[in-house]
Amino acid sequence: MNRSKEKRINKLKKKRIWPSILGLIVILFIFVVVMTVALFASGMDIVQRKFTESSRKSLKVAELFEDYDSETGEKIEQTVLSHIDVLEEIDAISVIDADRNPVWSSSGEYPVIDETINIVFLTGITGEEINVILNEDTKQVFSVEAGEIIFNENILMKLFSVSNYDVTVPFEELKLWLVIPVNGFEVLVLNNVPIYHQDFLMMGICILLCILLISVFITYYLISIISMVFNVRKTKKIIYTDMVTGGDNWLLFTRKGASLLKKNGKGKQNYALVHLEMRKYRSFCTCFGVNKGQELIESFYAALRKEIQKNEVMSHQEDAKFGLLLVYTETEQLEARIQQLKNAMNAVLPGMKMYFGAGVYLVRHGEYDVEQLYNNAMIACEMLGEEAENKIAYFDVEMNKQKLWERKVEDDMDRALANREFQVYLQPKISTSEEVLGGAEALVRWIHPTEGFISPNRFIPIFEKNGFILKLDDYMLEEIAKVQAGWLAQGRKLVPISVNVSRAHFTREDLAEHICAIVDKYQVPHSAIELELTESAFFDDKKVLLNTVQKLRTAGFPVSMDDFGAGYSSLNSLKELQIDVLKIDADFFRGADVEERGLLIVSEVIDLAKKLNMKIVAEGIESREQVEFLIEQECDLIQGYFYSKPMPVEEFAQKYNM
Ligand code: C2E
Ligand code: CA
Ligand code: CA
């Protein structure tokens, strides 16, 4: 498939869902992070403010003792009591001496100080409440001498984690003792720091609003993701549906096929790619209409679908061609299965005889590229040729080579014609009566700049398939006309030179006029140019063939039938076609065991031809015995290696003194 189309399809299938899912995940993540940070920060802020405010009150007590010089506990008591305004702001005050013995207290509470840990817990006298005094750095009870007390997050975190962990302190009962060293005594100031749920009210409302907002977002995203999933399913269905059959299409076939082959990684099962096609589908459409043709394809698809197992795939390819990936055990079983598929297709139109070609590629372990491998199955089917009805062809490496060769030939042929790489060779036809030159056949040779000498058997069949043979035959005819014209100008005696006229020419009704026009350009007598047709031309438009032959003979061109006896209906064609020369196929003279029977037939054919007033040419004659036999039978001309191989025109002219 085209790369950019594939990309676009892939985008259609995936594009919309993933960004949405990703967006959802990102939003959730951001929400969780922001909420955690915000909760932590605002919670901390509330607690921090409470603690700072409470400690500020305690600091006022510290101010009372700024320039204090008395060394008795009573004096401290008096100083505190004389400042009622300060006392009113705090919850309790106690004094202890250097040995931590109680001296005086406004409430009777004395915190017990433990200096061994970073965070110091002071248990109230009652032993029930837990009161906290902090000193991070010095591991001492907190000193207020420094001035201000800042409850940073670090301290608070520890406070909470310890208090939450070790002892459960209800937030409402949180108390803060601050210690003020005064001349060998320690003044302990208590401040309750109750933290109530209401303090977090605003924060709670904010959280709720956030949750609400995020829920709206999530719902929106979820709905759009769900609708996208449905859309993607719909899109997939469209992408993977075949326009003609409404079933799986080619794209799905290649994808599913590749995944089946990958799943079968260890080679548990044997897989074969099968290309199945109805022959002459286009003719069917011409006869019955395109709609009937499409209906036929639909029915084929339905019939094949029924035959397909779970671990196999199939799809319609184009025209009446279907691709299948089948499981098989042995090739015999596979062939029986393919036959069964053909029968199923045939049963679609019971009254009509249809022909199917099948190309098979046996997938090897580790091969997954269905598109590439399928090509092999198609090549195999192509190699069957049009005539091979109802056959199965297996792909082999040679086929691939042949395909590559065909491609090369097709790439090079136009250039070759323009550059005159096609050269005319002549093979003499020797008359039996005097063993002198009686004619010649023009045979083409391709002198390729890189491949060198190429024999016609390697390119003529390709040109016959792609139609280039029309140009080549015209070129050969013109070259021979030129050669004959040249010899004529030199006053030499001409012998007829035959050129091959491929059956492909017989589609044009003005073929005779076309040939005349080429030859007449050089003013060569028509009798000097013989036209060789093969009997296979009979299978095409018989009317055009008969008309053309008649016109050509009337115009004075000798016409010969090439390879007589090689086909199936040689005698039949003789009945309808009036020609001048019969060329007996070389096969009659090949193989020791058939030789005797072959020679018998040859002698009868010569007899028949004489009666029909035709000249006889025997082709492919290689031995003296064959020559003697033909002389005895009064065969007119002999063409074969015994006398000479085909050779370039100049060589021919020299050898035969032209
Ligand atoms: P063809 O027309 O039957 O030509 C006779 C072939 O038999 C030639 O093969 C010739 O070289 C070969 N031949 C002749 N005597 C002997 C012999 O004693 N022993 C053996 N083994 N072979 C012999 P070539 O030249 O390779 O041509 C092969 C075929 O290619 C021709 O068969 C003809 O069908 C086609 N071809 C050649 N040139 C042209 C052309 O210009 N136009 C068309 N349409 N076909 C051509
Ligand atoms: Ca020939
Ligand atoms: Ca021949």
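Modeller: Let's fix one word before we start: a helix here is a DSSP run of H or I with at least four residues, and helices are numbered from the N terminus. Keep in mind that this is a predicted model.

Biologist: Fine. What follows helix α19?

Modeller: Glu634 does, and its phi is positive, near 60 degrees.

Biologist: Which residues of α19 are buried?

Modeller: In α19, which covers residues 624-632, they are Gln626, Val627, Phe629 and Leu630.

Biologist: How do you know that the buried residues line one face of the helix?

Modeller: Look down the axis of α19: the buried residues fall within an arc of 165 degrees, so they sit along one face. On the other side, Glu625 and Glu632 are exposed. As a rule, an α-helix has 3.6 residues a turn, so residues three or four places apart point the same way.

Biologist: Now the metals. What makes the site of the calcium ion (ligand 2)?

Modeller: Four residues do: Glu441 (OE), Asn500 (OD1), Glu532 (OE) and Asp562 (OD), at 2.2 to 2.3 Å. The cut-off for a calcium donor is 3.2 Å, so these atoms count as donors. Along the sequence, the spacing of the donor residues is E-x58-N-x31-E-x29-D. Glu441 in strand β13 (residues 437-448) and Asp562 in strand β17 (residues 559-564) are 121 residues apart, and the pair links distant parts of the chain.

Biologist: Are Glu441 and Asp562 buried or exposed?

Modeller: Both are buried.

Biologist: Why is Asp562 called a bridge between the calcium ion (ligand 3) and the calcium ion (ligand 2)?

Modeller: Asp562 coordinates both ions, which are 4.0 Å apart. The donors of the calcium ion (ligand 3) come from Asp562, Asp563 and Glu619, at 2.2 to 2.6 Å, and Glu619 is listed twice as an OE donor. This site also ties together distant parts of the chain: Asp563 in β17 and Glu619 in strand β19 (residues 615-619) are 56 residues apart.

Biologist: Why is Glu619 called buried?

Modeller: Its relative accessibility is 13%. Buried means under 20%, so Glu619 qualifies.

Biologist: And why is Asp563 called partly exposed?

Modeller: Asp563 has a relative accessible area of 26%. That lies between the 20% and 50% cut-offs, so partly exposed is the right label.

Biologist: How do you know that strand β12 is largely enclosed by the rest of the structure?

Modeller: Nine of its 10 residues (422-431) are buried, so that wording fits.

Biologist: What makes β12 and β13 a pair?

Modeller: Nine bridges join them, and they run antiparallel. Two strands pair if there are at least two bridges, so β12 and β13 pass. Pro428 stands opposite Ala440 in β13. The two strands form a hairpin with five residues between them, and Glu435 in the turn has a positive phi of about 55 degrees.

Biologist: How many bridges link β12 and strand β21?

Modeller: Two, in the antiparallel sense, with Leu426 opposite Met647. β12 also pairs with strand β20 (residues 637-639) over two antiparallel bridges, and there Ile430 has Ile638 as its bridge partner.

Biologist: Last one: what makes the nonpolar surface patch?

Modeller: Leu22, Val26, Phe29, Ile30, Val33, Val34 and Val37 make a patch of about 650 Å². Take Val34, found in helix α2 (residues 17-64). Its relative accessible area is 49%. Patch residues need over 30%, so Val34 clears that cut-off.

Technical notes:
Residues are numbered from 1 along each chain as its sequence is written. Chains are lettered from A and ligands numbered from 1 in the order in which they are written. This is a predicted model: local features need pLDDT of at least 70, side-chain atom pairs count only at pLDDT 80 or more; totals for chains, interfaces and linings use all residues. Side-chain values use heavy atoms; hydrogens and water are left out. Donors are N, O and S atoms within 2.8 Å of the metal (3.2 Å for Na, K and Ca); water is not among the atoms, so sites may look incomplete. Buried means under 20% relative accessible area, exposed over 50%, partly exposed in between (1.4 Å probe, protein chains only). The arc is that of the directions from the helix axis to the C-beta atoms. Patches are made of residues with over 30% relative accessible area and no salt bridge: like charges are joined within 9 Å, nonpolar side chains (Val, Leu, Ile, Met, Phe, Trp, Tyr) within 5 Å. Accessible areas come from the Shrake-Rupley method with a 1.4 Å probe; for residues, only the protein chains shown count as cover. A salt bridge is a side-chain nitrogen of Lys or Arg within 4 Å of a carboxyl oxygen of Asp or Glu.
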